[in-house]
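Here are my notes on this model, set out as numbered points. Have the structure open while you read, and check each point against it.

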Amino acid sequence: MSSGAAAGPIFAEGEDCRAAWGEATAGYDEPDAHLEILGKPVMERWETPYMHSLATVAASKGGRVLEVGFGMAIAASKVQQFDIEEHWIIECNEGVFRRLEQWAKAQPHKVVPLKGLWEDVVPTLPDGHFSGILYDTYPLSEDTWHTHQFNFIQGHAFRLLRPGGVLTYCNLTSWGELLKTRYSDIEKMFEETQVGPLLQAGFRRENISTSVMELQPPPECRYYSHPRMITPTVLRH
Ligand SMILES: C[S@@+](CC[C@H](N)C(=O)[O-])C[C@H]1O[C@@H](n2cnc3c(N)ncnc32)[C@H](O)[C@@H]1O
């Protein structure tokens with residue numbers, strides 16, 4: 001597994017994994033504690049309490065839930081514990097998608113697996129179709145490292161939600177870097193880097209709130225070292 005301290009930045013200048021990502025090996029390790037794709041630390045099991053927090057928000061309105069990015073099924077398995085009707089999941093990596101199809105067979109609520117980049121799949125989804133959205137993908141290039149969530153949020157999140165629906169999301173690869181280099185206060189980081197794009201997407205300030213949990217990442221984690229994690233709750237009016 002990756003050696004944290006020795007590792008450089010997650011993305012080199014100009015690096016772009018988009019073309020190779022879909023077919024690249026989904027590297028789940030033996031204890032199923034890490035997922036690596038193209039050498040990137042995509043998902044790690046220590047995040048479980050945080051993933052459960054995101055899932056709890058996304059499922060809080062019941063109904064049809066959209067999840068973007070399946071990873072290790074940590075959030076997805078939590079979503080399934082709530083009283084939801086349907087669980088639509090978008091995933092673009094072949095190996096991760098195979099795991100999603102297997103996982104779906106054993107779930108209590110209807111799962112609709114959608115294969116592909118969300119950039120291709122989401123435009124086909126109808127307006128007002130979802131009561132909850134959990135967006136947790138991974139940057140596929142250096143140029144979208146800190147911004148890919150805004151492409152989804154500004155292009156689609158608002159229109160996909162029914163009135164009263166809820167969005168939650170993260171970009172830990174970005175936030176971990178911001179908290180290493182520019183911010184020591186996670187709420188200030190969120191306020192200064194996330195709220196503006198949420199407002200531009202059509203959400204109202206009074207409908208954007210956050211909760212913060214204490215969670216110490218293991219020292220070898222390459223993308224996150226801050227001891228706190230932030231869960232956004234963004235309601236559509
Ligand atoms: C951080 S993991 C998700 C972890 C998940 N929330 C969990 O609890 O295990 C990100 C996932 O998003 C997928 N992904 C990355 N970019 C994507 C895109 N543009 N469209 C669809 N899936 C994407 C990756 O292949 C990966 O499986």
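**Notes on the model**

1. Let me start with a side-chain pair: Thr-231 and Ser-53 make a polar contact through their side chains, at 2.7 Å. Keep in mind that the model is predicted. Thr-231 belongs to strand 10, which runs over residues 228-235. With a relative accessibility of 2%, Thr-231 counts as buried, because the cut-off for that is under 20%.

2. The other partner takes us to helix 2, residues 48-58. How many of the residues of helix 2 are buried? The count is 8 of 11, so the helix is mostly covered. Ser-53 is one of the buried ones, and the rest of that list is Thr-48, Tyr-50, Met-51, Leu-54, Ala-55, Val-57 and Ala-58. As a reminder for reading such a list, an α-helix has 3.6 residues a turn, so residues three or four places apart point the same way.

3. Now the ligand. Where does the ligand sit? You will find the ligand in the largest pocket. Strand 3, helix 3 and helix 5 (118-121) are the elements that each give two or more residues to the shell around the ligand. Helix 3 spans 74-79, and strand 3 spans 40-44.

4. Who lines up around the ligand? There are 24 residues around the ligand, and those that come nearest are Met-72, Ala-75, Glu-91, Trp-118 and Asp-136. By type, the shell splits into 16 nonpolar, 5 polar and 3 charged residues.

5. Three polar distances to the ligand deserve a look. A nitrogen atom of the ligand is 2.9 Å from a backbone N or O atom of Trp-118. The side chain of Trp-21 has an N or O atom 3.0 Å from a ligand oxygen. A polar backbone atom of Gly-71 lies 3.2 Å from an oxygen atom of the ligand. As for cover, the ligand on its own has 600 Å² of accessible area, and the protein covers 99% of that.

6. Two backbone angles caught my eye. As background, most residues other than glycine have a negative phi. Ala-73 is not a glycine, yet its phi is positive, about 65°. Ala-73 sits in the loop between strand 4 (64-68) and helix 3. Is Ala-73 buried or exposed? Ala-73 counts as buried, because its relative accessibility is 6% and the limit is under 20%.

7. The second angle is at Leu-38, also a residue other than glycine, with a positive phi near 50°. Leu-38 is in the loop that joins strand 2 (34-37) to strand 3. Its relative accessibility is 40%, so Leu-38 counts as partly exposed, which is the class between 20% and 50%. I would view the two loops one after the other.

8. Back to strand 3, which holds Met-43. Met-43 has 7% relative accessibility and therefore counts as buried. How far apart in space are Met-43 and Glu-142? From C-alpha to C-alpha they are 18 Å apart, with their positions 99 residues apart in sequence.

9. Some pairs further along the chain are handy for finding your way. Val-195 is in helix 9, residues 195-200, and it counts as buried because its relative accessibility is 4%. The C-alpha atoms of Val-195 and Ser-209 are 9.7 Å apart, and the two residues are 14 apart in sequence.

10. Arg-204 comes in the loop between helix 9 and strand 9 (208-214). At 40% relative accessibility, Arg-204 is classed as partly exposed. Arg-204 and Ser-225 are 21 residues apart along the chain, and their C-alpha atoms are separated by 31 Å.

11. Last, strand 9 itself, where Thr-210 lies. Thr-210 has a relative accessibility of 32%, so it counts as partly exposed. What is the C-alpha distance between Thr-210 and Arg-236? The distance is 15 Å, for two residues 26 apart in sequence.

Definitions and conventions
Residues are numbered from 1 along each chain as its sequence is written. This is a predicted model: local features need pLDDT of at least 70, side-chain atom pairs count only at pLDDT 80 or more; totals for chains, interfaces and linings use all residues. Side-chain values use heavy atoms; hydrogens and water are left out. Helices (H or I, at least four residues) and strands (E, at least two) are DSSP runs, numbered from the N terminus. Buried means under 20% relative accessible area, exposed over 50%, partly exposed in between (1.4 Å probe, protein chains only). A residue is near a molecule or strand if one of its heavy atoms lies within 4 Å of it. A polar contact is a pair of N or O atoms within 3.5 Å; within protein, one must be able to donate a hydrogen and the other to accept it, and residues adjacent in sequence count only if both atoms are side-chain atoms. Accessible areas come from the Shrake-Rupley method with a 1.4 Å probe; for residues, only the protein chains shown count as cover. On a 1 Å grid over the protein atoms alone, a cavity is a set of points where a 1.4 Å probe fits but cannot get out, and a pocket is an open set with protein on both sides within 12 Å along at least five of seven lines; lining residues have an atom within 4 Å of a point. A molecule sits in a cavity or pocket if more than half of its atoms lie within 2 Å of its grid points. Ala, Val, Leu, Ile, Met, Phe, Trp, Tyr, Cys and Pro count as nonpolar, Asp, Glu, Lys and Arg as charged, and the others, Gly among them, as polar.
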